[in-house]
Amino acid sequence: MSAQTAGGTAGGSAPVGVVLVSHSGPVAESVATLAVGLAGGGDTVPVAAAGGTPDGGLGTSAELISEAARTVDRGAGVAILVDLGSAVLTVKALIAEGDELPEGARLVDAPFVEGAVAAVVTASAGADLDAVAAAAGEAYGYRKE
């Protein structure tokens, strides 16, 4: 798990954090790098990758996800985007437990790559968690033809 930052927030308010959960550490890291780069870099929107298992294998880790969420939490909420089904189940279980993730952490229903870019760009513009989640979810509608 590593953290990166992107862009700037309007008015100096606390930014929404973004966690990217993949079954592969390198995939999560690469998507984080892409999203931060496309958001213009900078140092105010925290983004963390939580990919794979603690030993570097394929899978998801509740421990890595919780750590990533705590790392990016600045008090404005945490948008969590995931790649595949069991990652969804892991995040849902963490949310249900109630004390494993920061208050305001939310699983966002969005495509992984496009949603990550939309979430980070929107958070870097100073948007709140609802707007970040909505922008990421709207990425389902991006046409490629």
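These are my notebook entries on how helices and cores pack in this structure, which is a predicted model.

**Entry 1: helix 4 and helix 5**

I began with the pair formed by helix 4, residues 112–124, and helix 5, residues 129–138, and found that their axes come within 7 Å and cross at roughly 150 degrees. Because angles over 145 degrees count as roughly antiparallel, I noted helix 4 as roughly antiparallel to helix 5. The crossing of helix 4 past helix 5 is right-handed.

I then asked myself which residues of helix 4 and helix 5 meet. On the helix 4 side I listed Gly115, Ala118, Ala119, Thr122 and Ala123, and on the helix 5 side Ala131, Val132, Ala135 and Ala136. Sorting the residues of this contact by kind, I wrote down seven nonpolar, two polar and no charged.

**Entry 2: Thr122**

Is Thr122 buried or exposed? With a relative accessibility of 19%, Thr122 counts as buried, because the cut-off for buried is under 20%. Thr122 lies in helix 4, and, when residues up to four places away in sequence are not counted, Thr122 touches Ala127, Ala131, Val132 and Ala135.

**Entry 3: helix 2 and helix 3**

Next I looked up the buried residues of helix 2, residues 62–72, and they are Leu64, Ile65, Ser66, Ala68, Ala69 and Val72. These buried residues pack against strand 2, strand 3, strand 4 and helix 3.

For the pair of helix 2 and helix 3, I recorded an angle of about 65 degrees and axes 10 Å apart, and the crossing is again noted as right-handed. Helix 2 brings Ala62, Ile65 and Ser66 to the contact, while helix 3 brings Thr90, Val91 and Leu94. The residues of this contact divide into four nonpolar, two polar and no charged.

**Entry 4: the nonpolar cores**

I kept in mind that nonpolar side chains tend to be buried together in soluble globular proteins. The largest nonpolar core here has 27 residues, and those with the most contacts inside it are Val18, Leu20, Val47, Ala79, Leu81, Val108 and Val132. Two or more residues each come from strand 2, helix 1, strand 3, strand 4, helix 4 and helix 5.

Which element gives the most to this core? I found that helix 4 does, with six residues.

I followed Val132 further and, leaving aside its neighbours within four places in sequence, found it in contact with Val16, Ala79, Ala119, Thr122, Ala123 and Ala127. Last, I noted a second, separate core of 17 residues, which includes Ala50, Ala68, Ile80 and Ala105.

Terms used: Residues numbered from 1 in each chain as written. Predicted model: local features only at pLDDT ≥ 70, side-chain atom pairs only at ≥ 80, totals over all residues. Heavy atoms only, no water. Axes fitted to C-alpha atoms, helices over the stretch in contact; angles between N-to-C directions. Helix = DSSP H or I, 4+ residues; strand = E, 2+ residues; numbered from the N terminus. Parallel < 35°, antiparallel > 145°, perpendicular 65-115°, else oblique. Left-handed = near helix turned anticlockwise from the far one by under 90°. Contact = heavy atoms within 4.5 Å. Nonpolar A, V, L, I, M, F, W, Y, C, P; charged D, E, K, R; others polar. Buried < 20%, exposed > 50% of the residue type's maximum accessible area, 1.4 Å probe, protein only. Core = buried A, V, L, I, M, F, W, Y, C linked by side-chain atoms within 4.5 Å.
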